Amino acid sequence: LIMLIGAAGTFAAEFIFVAQMAFFARVSDPALGGTYMTLLNTLGNLGGKWPPTVAFYLVDAFTCKKPDCSMQTDGFYVV
């Protein structure tokens with residue numbers, strides 16, 4: 001079951017990647033060639049990378065660091 005879910009996730013990621021590249025190919029100017037496609041792909045990759053970074057920052061920012069907290073946390077786990 002776990003392998004099936006992993007395979008479905010990989011398939012969905014590849015499908016989204018192909019659809020994104022097809023969209024970039026449609027909207028890019030043929031006179032500029034691969035330069036515009038590279039720029040769009042770079043922006044698309046950066047758009048997918050910032051949410052985990054922000055989430056990790058928010059976990060650290062909202063972690064209770066005082067010794068008198070009702071629960072002990074280490075930034076990732078509630079003990």
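This is a short dialogue on reading the helices and the surface of a predicted model.

Reader: Hello! Where should I start: how many helices and strands does the chain have?

Author: Welcome! The secondary structure comes to 2 helices and 0 strands. Helix α1 covers residues 2-27, and helix α2 covers residues 34-61.

Reader: How do I describe the way α1 and α2 pack?

Author: Two packed helices are described by the angle between their axes and the distance between the axes. Here, α1 and α2 pack at about 140 degrees, and their axes are 10 Å apart. Angles over 145 degrees would count as roughly antiparallel, and 65 to 115 as roughly perpendicular, so α1 is oblique to α2.

Reader: Which hand does the crossing of α1 and α2 have?

Author: The crossing is right-handed.

Reader: Thanks! Now the surface: what share of the residues counts as buried?

Author: Of the chain's 79 residues, 9% are buried. The accessible surface is about 6900 Å², and carbon and sulfur atoms account for 72% of that area.

Reader: Is tyrosine 57 buried or exposed, and why?

Author: Exposed means over 50% relative accessible area. Tyrosine 57 has 58% relative accessibility, so it counts as exposed. You will find tyrosine 57 in helix α2. Together with Trp50, Val54, Leu58 and Phe62, Tyr57 makes a nonpolar surface patch of about 610 Å².

Reader: And why does valine 27 count as partly exposed?

Author: Partly exposed lies between the 20% and 50% cut-offs, and valine 27 has 41% relative accessibility, so that is its class. Valine 27 belongs to helix α1. From valine 27 to leucine 40 there are 13 residues in sequence and 9.7 Å in space, C-alpha to C-alpha.

Note on methods:
Residues are numbered from 1 along each chain as its sequence is written. This is a predicted model: local features need pLDDT of at least 70, side-chain atom pairs count only at pLDDT 80 or more; totals for chains, interfaces and linings use all residues. Side-chain values use heavy atoms; hydrogens and water are left out. Patches are made of residues with over 30% relative accessible area and no salt bridge: like charges are joined within 9 Å, nonpolar side chains (Val, Leu, Ile, Met, Phe, Trp, Tyr) within 5 Å. Accessible areas come from the Shrake-Rupley method with a 1.4 Å probe; for residues, only the protein chains shown count as cover. A salt bridge is a side-chain nitrogen of Lys or Arg within 4 Å of a carboxyl oxygen of Asp or Glu. Helices (H or I, at least four residues) and strands (E, at least two) are DSSP runs, numbered from the N terminus. Buried means under 20% relative accessible area, exposed over 50%, partly exposed in between (1.4 Å probe, protein chains only). Axes are lines fitted to C-alpha atoms, for helices over the stretch in contact, and angles run from 0 to 180 degrees between N-to-C directions. Angles under 35 degrees count as roughly parallel, over 145 as roughly antiparallel, 65 to 115 as roughly perpendicular and the rest as oblique. A crossing is left-handed if the near helix is turned anticlockwise from the far one by less than a right angle, and right-handed if clockwise.
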